[in-house]
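Work through the exercises below with the sequence and the model open. Each task is followed by a solution in steps.

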Amino acid sequence: MHELTSEELRSTLQGTVSLVSCLSFEDRSLSVAKALPPGSLRRWLCILNEDIETDISEMRNKAEAIAAEAGVSIQFLSASKRNPLLLADALIGLAANPMLGEQEKWIGDITTMTHEMLLMLVAAADEIVQPWRDLLLIYNLAGTYSGDDTPEEKWVSRGIHEVRSVVGYPGAWSPGEPTKMIALPGFDPERMRRMVEEIEPDQLVVGIACPIGERHVWSAEKNRRIAEQLLQTRKGATFDYPALDPLGAIDAVIDVLRDTTSNVLLAPLNSKITTAALGVLARLRPEWQICYAPAFIYNLKYATPSDCFLTCSLDKIRAHVSSRIGAG
């Protein structure tokens with residue numbers, strides 16, 4: 001994983017690139033597109049949630065202005081919180097598109113994708129959209145969270161529609177075997193609590209995301225309190241993992257699940273970069289299932305953009321997982 005400024009990102013992305021991203025109410029949804037070198041954007045696929053809870057026409061106008069300046073048109077991919085098959089169908093349609101050249105250099109702005117969208121993107125890259133096999137994932141770190149709220153008041157979402165298996169990660173369920181749930185909560189304790197209540201795992205293992213440096217120490221403390229709350233009524237344990245290190249997160253989860261004979265259910269709701277890593281891991285351990293709960297509402301003032309971007313390729317994550325599984 002690399003941490004880059006916008007200037008460093010521009011110098012890294014040499015030549016033409018094709019972009020897949022997600023349009024959101026957040027300014028961060030355009031941070032990567034704005035950071036691309038002039039004249040480099042060749043194609044832009046943009047996921048658009050049809051039941052987003054606010055008007056994003058202004059953000060769409062900004063995106064189309066960026067595209068027009070680059071001389072391209074945005075191809076929107078329909079998605080829905082209530083119907084994940086809408087995005088699945090759009091991704092399958094891409095696989096049959098002869099205009100999608102295998103030699104294109106693809107980058108994925110995962111900043112404002114939902115965790116489910118991101119996991120489906122990883123599954124599509126693994127199975128049906130060959131040009132995405134070595135997709136370069138880019139994530140714009142938040143400058144601030146929830147304005148001036150105290151750590152206890154910072155929130156991402158409230159309420160859930162349902163708990164469901166993510167398309168592409170059905171797992172292999174063994175009736176009669178106990179269920180072990182690996183929960184990686186973010187800043188929305190209600191969402192993870194509702195998932196645990198509906199799934200009722202025999203054992204709950206909660207990951208505590210630990211950031212590097214002093215800036216986001218509060219986030220580990222908040223995660224630890226959420227873990228304590230989740231384990232008040234459920235047998236289980238906790239483990240620490242690096243919040244923004246996809247390879248370190250994989251190592252931590254593999255170690256926790258070493259020699260397990262239970263049904264395994266992964267619930268990643270923390271950073272997008274670690275969620276992508278667990279998606280790669282689950283594709284290589286297909287007996288493990290990934291579940292998700294689409295949020296009812298999101299905090300429209302959740303985060304602001306920064307000049308810091310994290311990058312990591314799917315191939316690099318895949319190679320690390322393969323080496324760990326082979327050695328394990």
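The model is predicted.

**Exercise 1.** Find which residue of β15 is the bridge partner of Y139.

Solution. Start with the two strands: β6 covers residues 136-140 and β15 covers residues 308-313. They pair in the antiparallel sense, over five bridges. Within this pairing, Y139 is matched by L310 of β15.

**Exercise 2.** Determine which strands stand at the edges of the seven-stranded sheet, and why one side of each is left without a neighbour.

Solution. Write out the strand order: β1-β15-β6-β5-β2-β3-β4, an open sheet with mixed pairing. The edges are β1 (2-5) and β4 (74-79). Each has a single partner strand, so one of its sides has no neighbour in the sheet. From one strand to the next, the twist averages 25°.

**Exercise 3.** Identify the residues that touch the most other members of the largest nonpolar core, and the helix that gives the most to this core.

Solution. The core holds 81 residues, and the ones touching the most other members are W132, M192, L266 and I317. The helix that gives the most is α5 (residues 115-127), with nine residues. Next, take I317 and set aside its neighbours within four places in sequence; the remaining contacts are L137, P246, L247, I250, A277, V280 and C312. A separate second core has 26 residues, among them V32, A35, V72 and I74.

**Exercise 4.** State the order of the six-stranded sheet and locate its edge strands.

Solution. The order is β8-β13-β12-β9-β10-β11; the sheet is open and its pairing mixed. At the edges are β8 (164-165) and β11 (236-242), each paired on one side only. The partner of β8 is β13 (residues 289-292), in the antiparallel sense and over two bridges. One of the bridges joins R164 to Y292 of β13. Helix α6 (residues 189-199) packs on this sheet and touches β9 (179-184), β10 (203-210), β12 (263-268) and β13. The direction of α6 makes about 175° with that of β9. Helix α9 also packs on the sheet, touching β9, β11, β12 and β13, with its direction at about 155° to that of β12.

**Exercise 5.** Is α9 mostly covered or mostly uncovered, and how far does the helix reach?

Solution. For the reach, take the 13 residues of α9 (residues 272-284): first to last C-alpha is 19 Å, close to the 18 Å expected at 1.5 Å a residue. For the cover, count residues under 20% relative accessible area. Eleven of the 13 are buried, and α9 is mostly covered. The buried set includes K272, T274, A277 and V280. Two of these, A277 and V280, are also in contact with I317.

Terms used:
Residues numbered from 1 in each chain as written. Predicted model: local features only at pLDDT ≥ 70, side-chain atom pairs only at ≥ 80, totals over all residues. Heavy atoms only, no water. Pairing = 2+ DSSP bridges. Helix = DSSP H or I, 4+ residues; strand = E, 2+ residues; numbered from the N terminus. Axes fitted to C-alpha atoms, helices over the stretch in contact; angles between N-to-C directions. Core = buried A, V, L, I, M, F, W, Y, C linked by side-chain atoms within 4.5 Å. Buried < 20%, exposed > 50% of the residue type's maximum accessible area, 1.4 Å probe, protein only. Contact = heavy atoms within 4.5 Å. Expected span 1.5 Å × (residues − 1).
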